[in-house]
Amino acid sequence: MKKVSVVILNWNGAELLRTYLPSVCRYTCGDLADLVVADNGSDDDSLQVLREEFPQVKVIEMPVNRGFAEGYNIALKHIHTEYVVLLNSDVEVTEGWLEPMIAYADQYPEVAAIQPKIRACRRRTHFEHAGAAGGYLDRFGYPFCRGRIFDTVEEDLGQYDTVADIFWATGACLFTRTKDYHEAGGLDALFFAHMEEIDLCWRFHRRNKRVVCVPQSVVYHLGGATLDTENPRKTYLNFRNNLLMLYKNLPAGKRRGILFRRKLLDGIAALNFAIHGKWDNVAAIYNAHLDGHKMINTYYKERSVHPEKKVPYHDISIVWAYYFRKKRYYSEL
């Protein structure tokens with residue numbers, strides 16, 4: 001049996017497959033890994049493209065679009081290798097991309113998830129927004145990265161080329177132990193998309209596992225291939241899922257206070273959208289909180305009563321650091 005399965009979730013992404021899958025085929029050793037595309041109910045010519053242009057790739061067909069989270073959960077029921085990589089369909093990999101992550105995971109069995117260094121396809125000298133060189137959360141649940149804070153993305157000058165323990169690994173290229181993935185419950189299907197990998201990594205930490213970035217592996221991510229940054233649907237999912245994630249995972253003694261402060265900050269974000277006339281995004285934040293509160297009861301039994309684990313955590317407000325103290329780079333925090 002091969003050691004790794006590289007699983008790409010596809011939905012109506014025929015052109016993305018033509019553009020990015022060739023690099024995955026070229027730079028993934030066939031003796032080491034299986035290549036799998038899980039098709040999420042596409043109604044374009046994705047399946048025909050796979051059959052005719054990539055016959056070496058295994059295909060898992062799902063009849064309807066189950067979203068990012070549940071789509072991967074279904075696909076991974078068919079995976080039996082020791083490791084699996086959840087790889088976005090808009091990622092270009094590089095020579096030797098897989099081997100450093102395998103070597104690190106082999107050496108450290110307590111590591112549940114790894115991400116490579118993520119650079120941008122459109123600006124190849126710079127990090128990419130979704131993951132950069134490893135992700136963290138601030139005290140109020142705002143995500144940021146080594147190499148990216150809010151909309152400020154750094155040039156990659158080798159400043160984050162050390163292996164580092166991180167809070168979360170990007171879902172754009174998430175290397176994980178298949179056993180750990182299933183034991184932690186996989187991605188939360190109710191999230192549908194966005195924040196689901198952060199929630200999963202938080203659950204890894206709660207199981208006393210580590211999450212790391214191994215920057216000796218490098219990939220390039222297009223980003224925004226499904227939804228643009230300020231698309232109201234993306235705004236809705238990010239704000240709703242962040243609320244659910246905090247409710248599920250925060251220690252009981254901190255949950256109420258942090259959620260209250262986070263709601264105030266989300267209100268300020270909505271006000272900022274209103275000032276700029278982006279009323280669809282204002283409505284998205286309002287609906288995210290409305291629906292989030294309705295969904296919270298779903299997690300009543302799951303919500304954490306655990307003691308707080310020691311995890312790679314920044315006890316700062318990234319909003320305060322970025323907008324008021326003008327700390328634009330991770331190295332300045």
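**Stop 1: the loop between H5 and H6**

Start by selecting His 194, which sits in the loop between H5 and H6. Keep in mind that this is a predicted model. Look at the backbone of His 194: its phi is positive, about 80 degrees, although the residue is not a glycine. Is His 194 buried or exposed? Its relative accessibility is 21%, and buried means under 20%, so His 194 counts as partly exposed.

Now select Phe 192. This residue also belongs to the loop between H5 and H6. Phe 192 is not a glycine, yet its phi is positive too, at about 65 degrees. With a relative accessible area of 32%, Phe 192 is partly exposed.

**Stop 2: the whole protein**

Zoom out and show everything. You should be able to find 10 helices and 13 strands. The C-alpha atoms fill a box of roughly 50 × 40 × 40 Å along the principal axes. How does the radius of gyration fit a compact globule? For 333 residues, such a globule would have a value near 20 Å; the protein has 19 Å, so the two agree.

Colour the chain by burial. Of the 333 residues, 58% are buried. Then switch on the surface. About 15,000 Å² is exposed, and carbon and sulfur atoms supply 52% of that area. Contacts also tell you how the chain folds back on itself. Take the contacts between residues at least 6 apart in sequence: 77% of them join residues at least 24 apart.

**Stop 3: the nonpolar cores**

Hide the surface. Select Val 7, Tyr 72, Leu 76, Leu 86, Leu 187 and Phe 204. The largest nonpolar core has 74 residues, and these six touch the most other members. Which helix gives the most to this core? Helix H7, residues 232-249, does, with eight residues.

Centre on Val 7. Leaving aside residues up to four places away in sequence, Val 7 touches ten residues you can pick out one by one: Val 36, Ala 38, Tyr 72, Ala 75, Leu 76, Ile 79, Val 84, Val 85, Leu 86 and Leu 87. Apart from this core lies another one, of 36 residues. Select Val 24, Leu 32, Val 93 and Leu 98, which are among its members.

**Stop 4: helix H3**

Select residues 67-76, which form helix H3. How many residues of H3 are buried? The count is 10 of the 10, so the helix is largely enclosed by the rest of the structure. Among these buried residues are Glu 70 and Asn 73, along with Tyr 72 and Leu 76.

What packs around them? The buried residues of H3 pack against strands S1 (4-10), S2 (33-40), S3 (58-62) and S4, and against helices H5 (178-183) and H6 (196-206).

**Stop 5: helix H8**

Move to residues 252-275, helix H8. Draw a line from its first C-alpha to its last. The 24 residues reach 36 Å, close to the 34 Å expected at 1.5 Å a residue. The buried residues of H8 include Ile 258, Leu 259, Arg 262, Leu 265 and Asp 266. In an α-helix there are 3.6 residues a turn, so residues three or four places apart point the same way. The buried residues of H8 pack against H7 and helix H9 (279-295). Just past the helix, select Gly 277, whose phi is positive, near 75 degrees.

**Stop 6: Met 101**

Select Met 101 in helix H4, residues 99-107. Its relative accessible area is 0%, so Met 101 is buried. Beyond residues up to four places away in sequence, Met 101 touches Ile 114, Gln 115, Pro 116, Phe 175, Val 214 and Ser 217.

**Stop 7: aromatic rings**

Stay with Phe 175. The structure holds 14 aromatic pairs. In one of them, Tyr 83 and Phe 175 are tilted, with 5.0 Å centre to centre and 40 degrees between the planes. This pair links distant parts of the chain: Tyr 83 is in strand S4 and Phe 175 in strand S12, 92 residues apart. Tyr 83 counts as buried at 0% relative accessibility, and Phe 175 counts as buried at 2%.

Next, select Tyr 142 and Phe 150. Their ring centres are 6.3 Å apart and their planes meet at 65 degrees, so this pair is edge-to-face. Finish with Phe 127, Tyr 136, Phe 144, Tyr 160 and Tyr 330, which form one aromatic cluster.

Notes
Residues numbered from 1 in each chain as written. Predicted model: local features only at pLDDT ≥ 70, side-chain atom pairs only at ≥ 80, totals over all residues. Heavy atoms only, no water. Core = buried A, V, L, I, M, F, W, Y, C linked by side-chain atoms within 4.5 Å. Buried < 20%, exposed > 50% of the residue type's maximum accessible area, 1.4 Å probe, protein only. Helix = DSSP H or I, 4+ residues; strand = E, 2+ residues; numbered from the N terminus. Contact = heavy atoms within 4.5 Å. Expected span 1.5 Å × (residues − 1). Rg over C-alpha atoms; globule rule 2.2 N^0.38 Å. Areas by Shrake-Rupley, 256 points an atom, 1.4 Å probe, with all protein chains shown as cover. Phe/Tyr/Trp six-rings, centres within 6.5 Å; stacked < 30°, edge-to-face > 60°.
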